[in-house]
Amino acid sequence: MATVKPVQSWETDWDHADPAYNQNAPQIWDQLRGTCPVAHTNRYGGAWLPVTHADVSAVARDTDHFSSEGAVLANRPPREEWVSLAPIGAAPPITSDPPFHADARRLLLPAFSPQVVAEWEPEIRRLCNELIDNMGDLDVVDAAVQYAQNIPVYVIARMLGLPLEDSDYFRETVHMVLEEIGAEFGERQGAFEKLDAYLTMHVQDHIENPKDDLIGFLLNAKIYDQPLSPQHVVGTIILLMVAGIDTTWSSIGSSIWHLAQHPSDLHRMVNEPELLPTAIEELLRMYAPVTMARIVSQDTEIGGCPVKRGDSVLLPFPAANRDPEVFPDADKVIIDREENRHVAFGLGIHRCLGSNLARLELRIAVQVFIQRFPQFELADPNSVTWSLGQVRGPRKLPVRVTQRA
Ligand code: HEM
């Protein structure tokens, strides 16, 4: 694991790879909102961190000045040495800019419609119950390791048509892409090349043995009346793995982490099941896992702060969700909050395309967990660990089960 020079100041030297960042992120955002709402760091070639809802939304909507080509902020060569993959980017459509973005996004929409996604409900429910059955009668279970992390990796591997036996490899790869951001560029590049070779082999297998799954869907898709290029097919598979795994795992884990510490919320959710959809939206607001990055493509400003072409920007949607200017009692989970226009799934042209699937997985995972374990608490708050980087969620989450159904 790469070692990160500890942060000296969150205002002038922030680093999302410092373990203290995700562990204390809500407090850091609160502090910055009051003192320095567009923080800066010289790390990563120079990058900005706006934390208000207004600034995060303005950048997300402004595709004239901010490019999505660098959606993950990590160590990389200086901008002048980049080989640009525009307009497709490495993982379309999340790394694509207009006008290509709209076409790359449109072709994926049918695969993630509410109707298509809903068909997965029985299988997700079966998997969640099986994971809990496998815990036997342990008093302390790890809700991140034994439960949350397994759900999205299973679902996306099954949807894509990739072998479930390779689940550990998928998690390792996503870990390298999203968490080893402080590693040397060459090391990350090696992992990408290995993934590219792995996926190219599976794409070839799908070409030789056509299958009715998401890889098959991509191979049949057309853009500008032509089949997708191999670079586009593999890039989109990488995106679906990266976007689908850590994000949902983090949301499920954070929701359980909250309920383990708020018995009255847990009690209400167990006893008023009709609250579940509203409560899930509030947990998504409060524990939104995903921060995205942009690159400044033309000199401009963020909230009055000048930014230069080539600078990077982190877009912490989770910080926007906790802005008291927009959400009353922003720092409290109100599980029956009625007005809740949160931005956990982003906003603007890149708004999450997998939100129907993410909501389905999160709803069923939480529902099954609290049905089977109507009472639980943190086994030891100090043994909870958090992810590094742009996706925030618990990675170790031991809970003591005090009642089983
Ligand atoms: C709780 C879970 C999830 C959260 C919070 C989340 C959040 C986000 C956010 C904030 C964006 C916007 C990116 C940007 O502005 O640059 C995004 C984009 C995207 N997400 Fe999700 N996501 C989740 C799960 C998923 C899943 C399960 C999938 C599919 C397997 C998925 C697929 C995508 C795709 C394809 C995009 C790119 C859309 C575009 O560029 O037009 N996400 N997601």
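**A walk around the sheet, the fold and the ligand**

Visitor: In what order do the strands of the open sheet run?
Guide: Welcome! This is a predicted model, and the open sheet in it has 5 strands with mixed pairing. Its edge strands, each pairing on one side only, are β1 (38-41) and β3 (66-67). The order is β1-β2-β10-β7-β3.

Visitor: Which helix packs on the sheet, touching β1, β2, β3, β7 and β10?
Guide: Look at residues 53-61, which form a helix in contact with those strands. The direction of this helix makes about 120 degrees with that of β10 (312-316). The helix is α2.

Visitor: Which residue in β7 stands opposite F66?
Guide: Start with the strands: β3 pairs with β7 (residues 291-296) in the antiparallel sense, over 2 bridges. Opposite F66, in β7, you will find V296.

Visitor: Why can we say the protein is as compact as a globular protein of that length?
Guide: Good one! The protein has 16 helices and 14 strands. For 405 residues the globule rule gives 22 Å, and the protein comes close to this, so it is as compact as a globular protein of that length. Its radius of gyration is 21 Å.

Visitor: Which helix gives the largest share of the shell around the ligand?
Guide: There are 29 residues surrounding the ligand, with G244, G346, C352, G354 and A358 the closest. At least two residues of the shell come from each of α11 (230-244), α12 (246-261) and α16 (355-372). The largest share, 4 residues, is supplied by α11.

Visitor: How many residues of that shell are nonpolar?
Guide: The shell around the ligand also has 8 polar residues and 1 charged residue. The nonpolar residues number 20.

Notes
Residues are numbered from 1 along each chain as its sequence is written. This is a predicted model: local features need pLDDT of at least 70, side-chain atom pairs count only at pLDDT 80 or more; totals for chains, interfaces and linings use all residues. A residue is near a molecule or strand if its C-beta atom, placed from the backbone, lies within 6 Å of it. Ala, Val, Leu, Ile, Met, Phe, Trp, Tyr, Cys and Pro count as nonpolar, Asp, Glu, Lys and Arg as charged, and the others, Gly among them, as polar. Two strands pair if DSSP finds at least two bridges between them. Two residues are in contact if their C-beta atoms, placed from the backbone, lie within 7 Å. Axes are lines fitted to C-alpha atoms, for helices over the stretch in contact, and angles run from 0 to 180 degrees between N-to-C directions. The radius of gyration is taken over C-alpha atoms; the globule rule is 2.2 Å times the number of residues to the power 0.38.
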